[in-house]
Amino acid sequence: MRKSIKIDYKTLTSKQIEEELKREVYKSKYIKILKSTIYSLITVAAVAALIATLVMPVLQINGSSMTPTFNEGEIVLSVKTKDLETGDIIAFYHGNKILVKRVIAGAGSWVNMDDEGNVFVDGKRIKEKYVKDKTIGDYDIEFPYQVPDGSYFVLGDHRTVSIDSRNSEIGCIEQENIVGKIVFRVWPFKKIGSI
């Protein structure tokens, strides 16, 4: 239990009163600064959360369909955009999951694959330096395949394990299901940088 301190103001000197006043003013300023700091931190956290959710989602890679480009557990930053090109890596909703694949072709393009895993868009073979083991993989669509309006044909970089637009289970990705284009790797630190 705290003991209350009784101050006899009649016996205080002007110097002691001045010191007590300074202490009270300091205490008042400290409380104001502390409140202001807490409010600022809450505001910054709220703005950061909104940006991370609405403008630049931060995602963690799960699975091995994008190896060697991305490995499981890596953290990446994406940007919302409608300007996508062949070779861009996107994150998109599929059911209740977010998947990551590479854009191969946009709406209206014809996609074809040969038995060796080479990919052709509108009759031209695309260069895929990011794919180590080319294979036609698991597919149930008929090639050549025309990408529907408002959609993108996507493939994983690890073609032997990736389930992607070659399979009707995933199919082509509609624009409204795209979370964003992956532009920056945040984790691990030794690989940090733009994609």
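Me: Helices (H or I, at least four residues) and strands (E, at least two) are DSSP runs, numbered from the N terminus. With that in hand, what pattern does the protein follow along its sequence?

Reply: Reading along the sequence gives α-β-β-β-β-β-β-β-β-β-β-β-β. That fits the tally of one helix and twelve strands. A caution before we go on: this is a predicted model, where local features need pLDDT of at least 70 and side-chain atom pairs count only at pLDDT 80 or more, while totals for chains, interfaces and linings use all residues. Residues are numbered from 1 along each chain as its sequence is written, and side-chain values use heavy atoms, with hydrogens and water left out.

Me: How do you know that β1 and β2 pair?

Reply: Two strands pair if DSSP finds at least two bridges between them. Strands β1 (58-60) and β2 (residues 75-79) are joined by three bridges, so they pass that cut-off, and they run antiparallel. Within that pairing, L59 stands opposite V76.

Me: And what makes β2 and β11 a pair?

Reply: Five bridges, in the antiparallel sense, with β11 spanning residues 178-187. One of the contacts puts I75 opposite W187, its bridge partner in β11. V183 also sits in β11, and its C-alpha is 6.1 Å from that of L77, although the two are 106 residues apart in sequence.

Me: Which strands does β3 pair with?

Reply: One partner is β4, joined to β3 (residues 89-94) by six antiparallel bridges; I89 has R102 as its bridge partner there. Another is β11, which pairs with β3 in the antiparallel sense over three bridges, with A91 and G180 as bridge partners. β3 and β4 also make a hairpin with two residues between them, and G95 in the turn has a positive phi of about 65°.

Me: What makes β7 and β8 edge strands?

Reply: Start with the open sheet of four strands, ordered β7-β6-β5-β8 with antiparallel pairing. Each of β7 (124-125) and β8 (145-146) pairs on one side only, and that earns them the name. Further in, β5 (residues 110-113) and β6 (residues 119-121) run antiparallel and share three bridges, with M113 opposite V119.

Me: On to the rings. How many aromatic pairs are there, and why is the one between Y26 and Y30 called stacked?

Reply: The search of the whole structure finds three. Y26 and Y30 lie 6.5 Å apart, centre to centre, with 25° between the planes. Rings of Phe, Tyr and Trp (its six-membered ring) pair if their centres lie within 6.5 Å, and planes under 30 degrees apart count as stacked, over 60 as edge-to-face and the rest as tilted. So the distance just makes the pair, and the angle makes it stacked. Y26 and Y30 are four residues apart in helix α1 (residues 14-55), which means about one helical turn between them.

Me: Are Y26 and Y30 buried or exposed?

Reply: Buried means under 20% relative accessible area, exposed over 50%, and partly exposed in between (1.4 Å probe, protein chains only). Y26 has 58%, so Y26 is exposed; Y30 has 48%, so Y30 is partly exposed.

Me: Why is the pair of Y145 and F153 called tilted?

Reply: Their centres are 5.9 Å apart and the planes make 50°, which is neither under 30 nor over 60, so tilted is the class left. By accessibility, Y145 at 22% is partly exposed, whereas F153 at 0% is buried. V183 from β11, at 25%, is partly exposed. Across the 195 residues of the protein, 32% count as buried.

Me: How do you know that R102 lies over the face of Y130?

Reply: The test asks for NZ of Lys or CZ of Arg within 6 Å of the ring centre and within 35 degrees of the ring normal. R102 is 3.5 Å from the ring centre of Y130, so the distance limit is met, and R102 is listed as lying over the face.
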